[in-house]
Amino acid sequence: MTTSTRTETFHKPTFNAGPALIRLRDTLVKNVLPPAVILALLLGIWEMLCSSPTAALPPPSQVLSDTWELIVNPFYDYGGNDKGMGWQILASLERVAYGYLLAVVVGISLGVLVGQSTWALRGLDPVFQVLRTVPPLAWLPISLAGFQDSTPSAIFVIFITAIWPIIINTSVGVRNIPEDYRNVARVIRLNGAEYFTRIMLPAAAPYIFSGLRIGVGLSWLAIVAAEMLIGGVGIGFFIWDAWNASMLSDIVLALVYVGIVGFFLDRIVAFIGNCVTRGTTQS
Amino acid sequence: MATHYLSVEQVEMTFATKGATTNVLKDINLAVERGEYISIIGHSGCGKSTLLNIIAGLTESTSGAVILDGKEVNAPGPDRSVVFQNHSLLPWLTVYENVSLAVNKTFSRSKSKAERHEWVLKNLDMVGMSHALSKRPAEISGGMKQRVGIARAISMEPKVLLLDEPFGALDALTRAHLQEEVMRIQDELGNTVIMITHDVDEAVLLSDRIVMLTNGPSARIGEILDIDLPRPRNRIELADNPNYNHYRQEVLRFLYEKQRKVENLAERREKAVPTNAAKKARA
């Protein structure tokens, strides 16, 4: 149980927008230039490798021309599954939102229980340790059988994927609340609810948010795989559909979108965590 | 017996660690009058913090009782507020909020909202921290944190103020400064104070009586020394005072001749006071 990992992910140096222009230029040179150069290089290599007529995969230039219609027109709707990329991603995000929010509520509650009660820890921890190693898709058949419907099954898979890191991090955070804070609460005589909101949640927040961040990443990983199997509107099935139609360029575009959306999900949770945990680290 | 303001009667403390039991405190009897300033001094690991925690109600003694103002102590509460060695301010709250959390809880019925606000400000003013109300603990120095810790403790209007090596973590100059402040505040409010310390000068300068604990295991009260020096006391004038030097010598003689430490200090501490890690291992 390392406590040193607590602050690392949360406190990256932020740049104050002071003397604006110079600062902005420096930031651009420092943070935007390197990834831009690397990206250009990688695209160049890809273009070279795949530009021969016998290449199995399309080069980036061809991907762009093939998928231009999809890129410029993300929100068309021709009925059925034939919808723009925007709709596909929104459908996936909606499933993730339901499953993830459920996992947050249940995960934090269970984590607090396991962190607070030694008995609950002894009883539940072995169960968690076994269940958390089950791969997300292995849950799909049994949840399809249980729910008899694809949408709740997909949501359940997200839920069961995201919940483990949330439970485990929350319980570690709660167990690591310094004895001093408990003593302060006891001397002041905070009651259970006050202790929960005034001491426990803020003290464990850095741990909880690192669990939430891992959880949101995992749920986005799981949704793509789950949708490939259950079908319907969604970025996962879009990829599967494109594969069946041999539209490799569409797959490449979808992968780019999946990556970008996953990146932003992670950043959003990290940002919320940063705001909430500001000042909660040890002084 | 019940005529004393605070009496510690036949307190004994035994810890069970890793199968072995260690008797930390034995036959502790102490009577404290209202408005007295008592220091408890002893070598590290002798169990003086344990004794303070028992009086605070944070630790339950194995046998014996602590009676404060006619009532037995069996849980922590605001009538025995503690200034912790490492200040124990909540890092996610501002200076003002750290004190107001205690004030709002303690006086939720007896004071109006405006009165509580005034009271927080008054107590922070008393320790000279009015300038930093909206700062967080991470933004102020160690001495300032301890000032806020003292303000939090006295704001609860405790019957007994418990100081657990309050200046131990501070540099010598800051420590001297805070000792003066504590003398001034005690002069003003007439609090009953019990302070744990391992600093001989500090004990003689601040106390009406010094309680000297013998070395553990089974530490008991070795001697009690009355300090009959006029108040207000001034450390510079006292340096030439023969009585002051005599008292110092008495304490030094007790600590370094009668109770000389021969054992490895770290080992002793490990045995006498179970560390957090040891507690967790047992849990």
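In the predicted model, chain A and chain B bury about 2300 Å² between them, and carbon and sulfur atoms give 63% of that area. The contact involves 24 residues of chain A and 30 residues of chain B. One salt bridge is found across this interface. Its partners are B:Lys105 and A:Glu194, with the closest N and O atoms 3.0 Å apart. Five residue pairs, both members at pLDDT 80 or more, are in polar contact across the interface of chain A and chain B. On the side of chain A that touches chain B, three elements give two or more residues: α5 (118-131), α8 (179-188) and α9 (192-230). Of these, α8(A) gives the most, with eight residues.

Chain B contains an open sheet of four strands. The strand order is β2-β1-β4-β5, and the pairing is antiparallel. The edges are held by β2 (20-32) and β5 (71-72) of chain B. Each edge strand has a single partner, so one side of each is left without a neighbour in the sheet. Inside the sheet, β1(B) pairs with β4 (63-68) of chain B in the antiparallel sense over five bridges. Within this pairing, B:Leu6 has B:Leu68 as its bridge partner in β4(B). Helix α1 (48-56) of chain B packs on the sheet and touches β1, β2 and β4 of that chain. The direction of α1 makes about 120 degrees with that of β1(B).

Strand β9 of chain B covers residues 209-213. Five of its five residues are buried, so the strand is largely enclosed by the rest of the structure. The cut-off for burial is a relative accessible area under 20%. In a regular strand, side chains alternate between the two faces of the sheet. Both faces of β9(B) are covered. B:Arg209, B:Val211 and B:Leu213 are buried on one side, and B:Ile210 and B:Met212 are buried on the other. The arginine is thus listed among the buried residues of this strand.

Strand β9(B) also has paired neighbours. Four bridges join it to β3 (37-41) of chain B, and the two strands run parallel. In that pairing, B:Val211 of β9(B) is the bridge partner of B:Ile40. The pairing of β9(B) with β10(B) is antiparallel and extends over five bridges. There, B:Ile210 has B:Leu225 as its bridge partner in β10(B).

Three backbone features of chain B deserve a separate account. Most residues other than glycine have a negative phi, and most peptide bonds are trans. B:Gln10 is not a glycine, yet its phi is positive, at about 50 degrees. This residue is placed in strand β1 (6-17) of chain B. B:Gln10 is partly exposed, with a relative accessible area of 43%. B:Glu157 likewise has a positive phi, near 45 degrees. Its setting is the loop between α4 (142-155) and β7 (160-164) of chain B. B:Glu157 is partly exposed, and its relative accessible area is 47%. The third feature is a cis peptide bond between B:Arg231 and B:Pro232, with omega about -5 degrees. B:Pro232 lies in the loop between β10 (221-226) and α7 (235-238) of chain B.

Key. Residues are numbered from 1 along each chain as its sequence is written. Chains are lettered from A and ligands numbered from 1 in the order in which they are written. This is a predicted model: local features need pLDDT of at least 70, side-chain atom pairs count only at pLDDT 80 or more; totals for chains, interfaces and linings use all residues. Side-chain values use heavy atoms; hydrogens and water are left out. Buried means under 20% relative accessible area, exposed over 50%, partly exposed in between (1.4 Å probe, protein chains only). Two strands pair if DSSP finds at least two bridges between them. Contact means heavy atoms within 4.5 Å. Axes are lines fitted to C-alpha atoms, for helices over the stretch in contact, and angles run from 0 to 180 degrees between N-to-C directions. Buried area is the accessible area (1.4 Å probe) that two parts lose on being put together, summed over both. A salt bridge is a side-chain nitrogen of Lys or Arg within 4 Å of a carboxyl oxygen of Asp or Glu. A polar contact is a pair of N or O atoms within 3.5 Å; within protein, one must be able to donate a hydrogen and the other to accept it, and residues adjacent in sequence count only if both atoms are side-chain atoms.
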